[in-house]
Amino acid sequence: MRARTRRSGDQLAVLAGARLDLLQVAPGARAKYVALGGVLLSTGGLAVLSAAFAVHMTLGAWWPVALLIGLGWGLVIVNLDRMLLVGMGHDRSWLRNVAMAVPRLGLALVLGTVISTPLTLQVFHREIEATMLTMQAEAAREFTAELDADVRYAQIPALRQQVADEQAVIASGGGTDPNADPRVVAAQADRDGKQAAYDAASAQSAQLAAKAQCELDGTCGSGTAGVGDAYVSAATAAGQQATVRDAAKAALDAADAALAQARTSAERDAESADARSVAQAQSGLAGDQADLKRLTAARDAEQAGFEAENAQSTGILARLEAMSRLSDDRPLVGTAHLMLFLLFLSVELLPVVMKVLLNFAEPAAYDRLVQLREAEEVEGEEIRREGRRRAQQARADLVVAAETDRMARELLDRELAARDEAARAAEEAARRKQAKGLSRVLRGLGSRAASTLRPSRGAGQQPAVDRRDGTVDTGELERLLAGPSGIGLWGTTPIDPAAEVLREAAGRPAVPAPRSGQDAVLAGGRAER
């Protein structure tokens with residue numbers, strides 16, 4: 001159990017960037033690096049949960065898939081945090097420590113914000129979802145109002161009313177009211193006026209007749225019964241009013257006749273107008289219905305698309321907007337959200353902050369061991385590098401020496417070949433010259449022998465050859481000419497024995513044989529040295 005615990009602690013220390021070989025020398029730093037490794041694992045666990053919540057909220061992924069993606073994101077975060085820790089070595093200069101700490105703290109702050117945001121949204125998910133429903137309903141109402149004010153669909157209400165009117169006309173067979181005809185309306189107004197005049201005249205006439213009767217009875221007016229002046233005056237007024245009433249009655253009868261005639265004409269015209277109205281309504285109804293259907297379908301499509309998009313607007317951005325609105329409406333929720341966000345952020349920043357604080361402290365034994373070990377490694381690598389450089393230089397020198405030797409041999413071979421070629425050319429020229437000289441000598445010897453032998457020849461005697469005067473007999477001459485050539489191995493040409501004999505016969509000194517080409521080259525080299 002203790003070995004397993006120690007192995008786990010070693011793994012956490014390595015995760016925090018420690019070297020196990022140095023921890024064995026300085027075991028006091030082990031607890032610090034094991035704790036840092038545990039903090040790194042904690043940040044990785046929070047990153048796993050955050051990524052899983054984010055993927056589930058934004059993509060609606062299945063929870064096992066979201067957890068797998070979260071594990072990958074957690075490994076990335078652990079690796080980044082470890083890079084931030086390992087890259088911050090201990091330095092005595094606080095300026096360099098600050099220069100290294102500022103960008104790392106900034107990066108850790110960004111990572112902490114990204115990781116803590118989904119976690120805080122998940123904590124307040126019930127309140128956020130309720131706020132999102134309210135926001136979706138408001139968005140739907142705003143979109144509907146925008147569609148109503150859209151010029152593309154402004155004709156829909158008028159088309160609907162027109163289609164309803166046309167359908168009513170077709171259903172009623174026209175439905176034209178004769179009483180609505182202008183002629184009928186005018187005749188009815190005239191008749192109503194005449195009726196009012198007749199009614200007023202009739203009422204006035206009845207009143208005046210009642211007054212005359214009252215004067216006749218003596219129950220009113222003058223109070224004197226019988227036909228008197230008062231009665232005559234009242235009776236005259238009643239008669240005159242009766243005449244007015246009769247005239248009003250005649251006018252009323254004429255108005256009734258005109259109204260009846262107007263109604264007859266209006267009814268006759270209404271029948272033909274109804275037929276025309278039905279035909280017009282039938283011809284316009286199809287087009288109006290098609291336009292209304294097209295515009296309504298386009299508007300319904302936009303409405304349906306918005307409703308689908310609005311229903312799916314449940315991602316992180318929508319939740320952040322809902323959280324912002326919730327914080328504005330309910331300050332206590334905003335405060336709780338801020339505190340929770342800072343809590344998760346501090347957990348994410350803790351490894352880097354701890355490393356920065358440790359760098360500002362005095363270097364511990366482990367830090368000094370790290371510096372010494374790194375210096376030893378650098379020195380060893382420099383020694384190995386110098387050895388490799390020297391070995392490469394030695395190999396290069398060997399290659400240069402071998403190449404120089406090869407070039408010297410090649411130059412020597414070329415020089416020997418050139419000298420051999422020159423020796424062969426000289427030998428060929430000497431042979432040609434020797435052949436020419438020999439032919440001249442032979443011709444001279446032949447002529448001299450003939451002149452000498454001709455007077456002294458006896459029977460059965462051979463002529464003697466006097467070598468002192470340069471003459472030879474023909475047998476010895478042929479033997480000398482058939483003798484072997486004396487060409488040397490290196491292209492030099494010793495003097496031919498035949499030429500020696502001829503030189504002796506001619507009284508000239510013999511030419512010594514030149515040295516071979518190899519001897520000449522060696523002699524030349526010794527002379528140069």
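What share of the contacts in the chain with a separation of 6 or more comes from residues 24 or more positions apart? The figure is 75%. Keep in mind as you click around that this is a predicted model.

**Whole chain.** Start with everything in cartoon view. You should find 15 helices and 0 strands. Colour by burial if you like: of the 529 residues in the chain, 30% are buried.

**Helix 3.** Now select residues 30-59, which form helix 3. Put a distance label on its end C-alpha atoms and you'll get 43 Å. With 30 residues at 1.5 Å a residue, the expected span is 44 Å, so the two agree. Step one residue past the helix to Gly-60, where phi is positive, near 65 degrees.

**Helix 6 against helix 10.** Next, show residues 125-149 (helix 6) together with residues 316-329 (helix 10). Their axes come within 9 Å and cross at roughly 95 degrees. Angles of 65 to 115 degrees count as roughly perpendicular, so that is the label for this pair. Turn on side chains for the contact: on the helix 6 side, pick residues including His-125, Ile-128, Met-132 and Glu-138, and on the helix 10 side, residues including Ala-318, Arg-319, Met-323 and Leu-326. Sorted by class, this contact has 7 nonpolar, 2 polar and 6 charged residues.

**Helix 10 against helix 11.** Keep helix 10 on screen and add helix 11, residues 331-360. Here the axes come within 5 Å, crossing at roughly 125 degrees. The two helices are therefore oblique to each other. Helix 10 brings Met-323, Leu-326, Ser-327 and Asp-329 to the contact, while helix 11 brings Pro-331, Val-333, Gly-334 and His-337. The class split is 4 nonpolar, 3 polar and 1 charged.

**The largest nonpolar core.** Which members of the largest nonpolar core touch the most other members? Select Phe-124, Ile-128 and Met-323; the core has 20 residues in total. Helix 3, helix 5 (94-123), helix 6, helix 10 and helix 11 each supply at least two residues of this core. Zoom in on Phe-124: beyond its neighbours within four places in sequence, Phe-124 contacts Met-323, Val-333, Ala-336, His-337 and Leu-340. You have already met Met-323 in the contact between helix 10 and helix 11.

**A separate core.** For the last stop, select Ala-13, Leu-23, Tyr-33 and Leu-36. They are among the 11 residues of another core, which lies apart from the one around Phe-124.

Key. Residues are numbered from 1 along each chain as its sequence is written. This is a predicted model: local features need pLDDT of at least 70, side-chain atom pairs count only at pLDDT 80 or more; totals for chains, interfaces and linings use all residues. Side-chain values use heavy atoms; hydrogens and water are left out. Helices (H or I, at least four residues) and strands (E, at least two) are DSSP runs, numbered from the N terminus. The expected span of a helix is 1.5 Å times one less than its number of residues. Axes are lines fitted to C-alpha atoms, for helices over the stretch in contact, and angles run from 0 to 180 degrees between N-to-C directions. Angles under 35 degrees count as roughly parallel, over 145 as roughly antiparallel, 65 to 115 as roughly perpendicular and the rest as oblique. Contact means heavy atoms within 4.5 Å. Ala, Val, Leu, Ile, Met, Phe, Trp, Tyr, Cys and Pro count as nonpolar, Asp, Glu, Lys and Arg as charged, and the others, Gly among them, as polar. A nonpolar core is a set of buried Ala, Val, Leu, Ile, Met, Phe, Trp, Tyr and Cys residues joined through side-chain atoms within 4.5 Å. Buried means under 20% relative accessible area, exposed over 50%, partly exposed in between (1.4 Å probe, protein chains only).
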